[in-house]
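Work through the exercises below with the sequence and the 3D view open. Each task is followed by a solution in steps.

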Number of protein chains: 2
Amino acid sequence: MQFTIRKAKKADMPEAYLLIKELAAFENQPDAVKIKVDDLEREGFKSPPSFEVFLAVKDDEVLGMALFYPRFSTWEGVSLHLEDLIVHEKYRGNGIGKALYTKVLQSAVDLGYRRVSWDVLDWNTNAIEFYESTGATVFKNWCIAQIENEVLLNYVKQQSNR
Amino acid sequence: MQFTIRKAKKADMPEAYLLIKELAAFENQPDAVKIKVDDLEREGFKSPPSFEVFLAVKDDEVLGMALFYPRFSTWEGVSLHLEDLIVHEKYRGNGIGKALYTKVLQSAVDLGYRRVSWDVLDWNTNAIEFYESTGATVFKNWCIAQIENEVLLNYVKQQSNR
């Protein structure tokens with residue numbers, strides 16, 4: 001299957017949003033996406049942007065995307081974090097995900113960064129096998145922790161009242 | 001124990017580096033820290049910085065630190081990521097870690113961010129119990145994946161030769 005990879009423009013954000021929603025549904029969290037298209041349009045195109053996106057396109061159709069941004073590792077220095085890698089279901093199995101993944105890794109190398117990181121669900125064995133086949137390490141002993149929304153607000157409020 | 005929390009200055013980076021090394025040793029990776037003090041001085045004090053640091057100090061002594069930076073969640077929007085939270089061993093048990101953690105969460109709320117995230121080792125049950133006591137969720141079903149250094153370079157080189 002022929003396709004090209006290019007950087008996303010602001011006008012692509014509605015398509016990016018559809019892919020974000022499709023990934024959330026794949027991860028069994030179809031209602032988790034609280035952002036809107038205008039959040040993507042604002043945060044992705046301010047200076048410096050909060051993220052960048054590579055799109056896989058065929059003619060004018062968007063097939064998939066990789067959304068990423070820099071992080072700072074106190075072990076390896078500035079690195080890239082691949083937040084979302086998603087290909088529309090009907091286009092999977094055509095090497096599009098691998099091409100997007102490779103493009104992000106190439107960008108990290110071009111920038112002189114020493115690490116690319118991302119997160120993967122433990123039941124997504126196809127993805128884990130692919131990542132490991134490229135030489136990546138999938139760590140089983142680190143947990144992701146998050147506090148958000150009302151819980152975050154309540155904790156901070158409670159502490160500030162002490 | 002009396003202490004105050006303040007933002008770190010460039011002149012504090014040698015102290016921050018010692019804490020980063022101490023945390024790596026605590027995590028059984030004493031040789032993992034590839035960055036140097038000048039990486040911290042450069043990346044933490046460019047505009048915009050790659051990270052910010054809160055220090056807990058008593059008189060002129062640094063007791064602990066929290067190092068954090070923004071990320072972009074495609075579910076919750078811009079968030080804060082707490083990369084390192086560390087208190088020198090001899091000062092643990094005095095509420096310093098909690099005060100630094102609370103300060104980072106307060107900053108996220110002040111910025112209007114809806115999430116703070118971080119990573120924790122699965123055997124660090126004291127930390128996990130503390131985080132959960134604040135309302136945070138520690139996810140067991142997500143894995144962290146990384147590709148770095150020679151493996152990253154080799155993969156990209158191999159793919160570009162195709």
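**Exercise 1. Describe the contact between chain A and chain B in this predicted model.**

Step 1. Count the residues on each side: chain B gives 61 residues to the contact, and chain A gives 61 residues.

Step 2. Find the main contributor on chain B. Helix 5 (residues 149-160) of chain B supplies eight residues, the largest share of the side that touches chain A.

Step 3. Sort that side of chain B by residue class: 34 residues are nonpolar, 14 are polar and 13 are charged.

**Exercise 2. Determine how chain B is related to chain A.**

Step 1. Superpose the chains. Chain B falls on chain A after a rotation of 180° with 0.0 Å of shift along the axis, at an RMSD of 0.0 Å.

Step 2. Name the relation: because of this rotation and shift, the chains are related by a two-fold axis.

Step 3. Compare the contact surfaces. Of the contact residues of chain B, 100% recur in chain A, so both copies use the same surface.

**Exercise 3. Trace the open sheet of seven strands and locate the strand from chain B.**

Step 1. Write down the strand order, which is 1(A)-2(A)-3(A)-4(A)-5(A)-7(B)-6(A), with mixed pairing.

Step 2. Identify the edges. Strand 1 (4-7) and strand 6 (137-139) of chain A each pair on one side only. From one strand to the next, the twist averages 30°.

Step 3. Examine one neighbour of strand 7 (residues 142-148) of chain B. Strand 5 (residues 115-121) of chain A runs antiparallel to strand 7 of chain B and is joined to it by seven bridges. In this region A:Leu121 has B:Trp142 as its bridge partner.

Step 4. Examine the other pairing. Three bridges link strand 6 of chain A to strand 7 of chain B, again in the antiparallel sense. Here B:Gln146 stands opposite A:Thr137.

Step 5. Add the helix. Helix 1 (residues 13-26) of chain A lies across strand 2 (52-58), strand 3 and strand 4 (77-87) of chain A, at about 85° to strand 4.

**Exercise 4. Which residues touch the most other members of the largest nonpolar core?**

Step 1. Take the core as a whole: it holds 87 residues. Those touching the most other members are A:Met65, A:Ala66, A:Val104, B:Met65, B:Ala66 and B:Val104.

Step 2. Look for the main source. Strand 3 (residues 61-73) of chain A provides eight residues, the largest share of this core.

Step 3. Follow B:Val104 outward. Beyond its neighbours within four places in sequence, B:Val104 is in contact with B:Phe54, B:Ala66, B:Phe68, B:Leu80, B:Leu82 and B:Val116.

Methods: Residues are numbered from 1 along each chain as its sequence is written. Chains are lettered from A and ligands numbered from 1 in the order in which they are written. This is a predicted model: local features need pLDDT of at least 70, side-chain atom pairs count only at pLDDT 80 or more; totals for chains, interfaces and linings use all residues. Two residues are in contact if their C-beta atoms, placed from the backbone, lie within 7 Å. Helices (H or I, at least four residues) and strands (E, at least two) are DSSP runs, numbered from the N terminus. Ala, Val, Leu, Ile, Met, Phe, Trp, Tyr, Cys and Pro count as nonpolar, Asp, Glu, Lys and Arg as charged, and the others, Gly among them, as polar. Two strands pair if DSSP finds at least two bridges between them. A nonpolar core is a set of buried Ala, Val, Leu, Ile, Met, Phe, Trp, Tyr and Cys residues joined through C-beta atoms within 7 Å. A residue is buried if 20 or more other C-beta atoms lie within 10 Å of its own, exposed if 12 or fewer, and partly exposed in between; C-beta atoms are placed from the backbone. Copies are superposed by least squares on the C-alpha atoms of residues with pLDDT of at least 70 in both. Axes are lines fitted to C-alpha atoms, for helices over the stretch in contact, and angles run from 0 to 180 degrees between N-to-C directions.
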